[in-house]
Amino acid sequence: MKFRIPRGTADVLPKESRIWDFIEQTAKNVFKRYNYKEIRTPIFEHTELFQRGVGETTDIVEKEMYTFKDKGDRSLTLRPEGTASVVRSFVENKLYADPDPVKLYYIGPMFRYERPQSGRMRQFTQIGVEALGSNDPRIDAEVISMALRQFEEMGLDNLRLEINSVGCSSCRPVHREKLVTYLHDVKEQLCKDCQSRLERNPLRILDCKNETCKSLTKEAPTIEQHLCDDCRTHYEDLKGHLDSMGISYIENPRLVRGLDYYTQTAFEIMAEGIGAIGTICGGGRYNGLVGEIGGNDVPGIGYAFSIERIVLALKAKGIDLGLEQGLDVYLIALGQEAKTVATKILDNLRKNKLSADMDYLDRKMKAQMKAADRSDAQYVIIIGEDEIAKQKVILRNMETGDQKEVSFDDLIETISSQIIKR
Ligand SMILES: [Zn+2]
Ligand SMILES: [Zn+2]
C-alpha cells in the first residue's frame, strides 16, 4: 500500500520552505515596524462562529467548510479564514478593554473544500491582519500601505491597488434596493449564480466575472452614488491619506463585499504581469462584525493573503533568494576513537552557536570530503589517530584552502573569531 497526499494539499519541501520562511520573515519585519502583534488561535472552532462570522449565504459556509462532529457530538469546523477566530478571541479575552487600538496579525493554515487549482489549495496558509478599535481613515491607509510594503519588500513590483467604499448600514440599503430593481428586469439574462444572488446577495453580482453579467451591470447604480455623508467623508479622507503617502490606486466601483457587516473601505491588491495569479490580497473594513459575533460595536479593518499565491508570484518573477546558507563547520573523523572525539567536538561547536554536522554513514575520507563540499561549510575539521595523539585537529579554511593544526582547547575560539557570519 502506497500512501498519497490528500487532494488539495501539498508538502513544502526544504528547498521551497526557504521561500516560505522568507515570506513570513519579511511580513513579520513589516508588522513589527507598524506595531502589529501576533495572535495564534485554534485550527478549529465551533461551526456556528463561521456561520455567523463568515456569513450563511457565502460559498465558504454553504459549500466549502470542513465540518465534523467530535466524540462529544459538538459540531466543529476547521477554520476557513482567520478573521472570525481573531474577532472571537478579541471579544472572549476582552481585548477591547485596551485603551489603544488592538493591532493583530496571524499566520497559519486555513481549510476550504474547493476545486484545487494552481494557487488554490484545500489547505492553504494565510497571513492576515486585523486592526480593531478605530474608525479613523488613517488606519485604513496604514493597513493598505502595510500590505503594499510587505509585497514590495518580498520583491514584487507592478502592484496594482484597487479601492472602493461599500457604504454602511444606513446608506447601503438604499443602493441595494435600486440595484435589485434595476437588475430585476434583466434577471433571466444573468448567470445562474447571479440569479440566486439577486435575492440573497445582490451586491456580489457587481463583481461577477461572467461577461454577460458584466455588461448587464455596466450602467447599474453604483454604491458610490449613494454614499451617506459619513461614508463619503471617510472615503475622501482615505484617498487623501493615500495620496499624501504617494500610494497610487484605482477606484473600482465593482469592488464589493456581499455581507452586511462589511463597511466603507474595500481593497484588493493585484500583482500584474504574472499570468493568471491576479489578485494576491483582499481586505476591508468590517465595522459590523464584532457585534455580529457577540461583542459591542467595535470598528475593525483587515486583510489577508495566501503564502501559496505569493510563492507562485515570486517564482513567476524568477526571484532569486541567493545561495543557500552553508554550515559553519563540517567534521571529518577517521577511525573509531576519532569518531567519539568528533561527537564531543560537534556538540561543543553547536553549544557555542556554530552550525555544524558530521558523517553518520561510516564513509571513507573521500566521501566525507564530498559531504563537506555539499554542506558548503566554511571550515572543515579533520580528526584521525595522529591528531588524537597530539590532542589537536586539522582545521581547513574551505574558501582559501589554508590549513593548520589547532589544539582541542583553542578550537572553539579559533573558529568563532574567524568565522564569517552569513
Ligand atoms: Zn454610509
Ligand atoms: Zn453572474
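1. A nonpolar core here is a set of buried Ala, Val, Leu, Ile, Met, Phe, Trp, Tyr and Cys residues joined through side-chain atoms within 4.5 Å. Keep in mind that this is a predicted model. On that definition, the largest core has 92 residues, and Tyr36, Phe151 and Tyr303 are the ones with the most contacts inside it. Helix 5 (residues 137-154) supplies the largest share of this core, nine residues. Another core, of 22 residues, lies apart from it, with Leu331, Ala333, Ile381 and Ile419 among its members.

2. Next, the main sheet. Eight strands make an open sheet, in the order 1-5-6-11-10-9-7-8, with mixed pairing. Strand 1 (37-38) and strand 8 are at the edges with a single partner strand each, so one side of each has no neighbour in the sheet. As background, strands of a sheet pair through backbone hydrogen bonds, either parallel or antiparallel. Strand 5 (residues 102-111) and strand 6 (residues 123-132) are an antiparallel case, joined by 10 bridges. If you want a register check there, tyrosine 106 sits opposite glycine 128 in strand 6.

3. Two helices to look at against that sheet. Helix 11 (residues 307-316) packs on the sheet and touches strand 5, strand 6, strand 10 (279-285) and strand 11. The direction of helix 11 makes about 55° with that of strand 11. Helix 1 (residues 14-33) lies across strand 1, strand 5, strand 6 and strand 11 (300-306), and runs at about 0° to strand 6.

4. Strands 2, 3 and 4 have pairings of their own. Strand 2 and strand 4 (residues 75-78) are antiparallel, with three bridges; histidine 46 has leucine 76 of strand 4 as its bridge partner. Strand 3 (residues 66-69) also pairs with strand 4 in the antiparallel sense, over four bridges, and tyrosine 66 stands opposite leucine 78. Strand 3 and strand 4 form a hairpin with five residues between them. In the turn, aspartate 73 has a positive phi of about 65°, so have a look at that one if you are checking backbone torsions.5. Helix 4 (residues 83-92) is mostly covered, with nine of its 10 residues buried. The buried set is Thr83, Ala84, Ser85, Val86, Val87, Arg88, Ser89, Phe90 and Val91. What covers these residues includes strand 2 (44-46), helix 2 (47-53), strand 5, strand 6 and helix 10 (289-292). After the helix comes lysine 94, which has a positive phi, near 50°.

6. Threonine 41 belongs with the helix 4 story. This residue is in the loop between strand 1 and strand 2. Is threonine 41 buried or exposed? Its relative accessibility is 17%, and the cut-off for buried is under 20%, so threonine 41 counts as buried. Leaving aside residues up to four places away in sequence, threonine 41 touches Arg79, Ser85, Val86, Arg88 and Ser89. Ser85, Val86, Arg88 and Ser89 are also among the buried residues of helix 4.

7. On to the metals. The zinc ion (ligand 1) is coordinated through the SG atoms of Cys168, Cys171, Cys228 and Cys231, at 2.2 to 2.4 Å. Along the chain, its donors follow the spacing C-x2-C-x56-C-x2-C. Why is the arrangement called tetrahedral? The four donor atoms subtend angles of 102 to 114° around this zinc ion, and four donors count as tetrahedral if all angles lie between 85 and 135 degrees. One of the donors, cysteine 231, is buried, with a relative accessible area of 1%.

8. The zinc ion (ligand 2) is held by Cys191, Cys194, Cys208 and Cys213, again through SG, at 2.2 to 2.3 Å. The angles subtended by its four donor atoms are 105 to 115°, which makes this arrangement tetrahedral. The spacing of the donors along the chain is C-x2-C-x13-C-x4-C. Cysteine 191 lies in the loop between helix 6 (172-184) and helix 7 (192-200), while cysteine 208, 17 residues apart from it, lies in the loop between helix 7 and helix 8 (211-216). Cysteine 191 and cysteine 208 are both buried.

9. Last, a surface position. Serine 248 is in the loop between helix 9 (229-244) and strand 8 (250-251). With a relative accessible area of 61%, serine 248 is exposed. The C-alpha atoms of serine 248 and leucine 161 are separated by 7.1 Å, though these two are 87 residues apart along the chain.

Key
Residues numbered from 1 in each chain as written. Chains lettered and ligands numbered in written order. Predicted model: local features only at pLDDT ≥ 70, side-chain atom pairs only at ≥ 80, totals over all residues. Heavy atoms only, no water. Buried < 20%, exposed > 50% of the residue type's maximum accessible area, 1.4 Å probe, protein only. Donors = N, O, S within 2.8 Å, 3.2 Å for Na, K, Ca; no water. Tetrahedral: all angles 85-135°; square planar, octahedral: opposite > 155°, others 65-115°. Pairing = 2+ DSSP bridges. Contact = heavy atoms within 4.5 Å. Axes fitted to C-alpha atoms, helices over the stretch in contact; angles between N-to-C directions.
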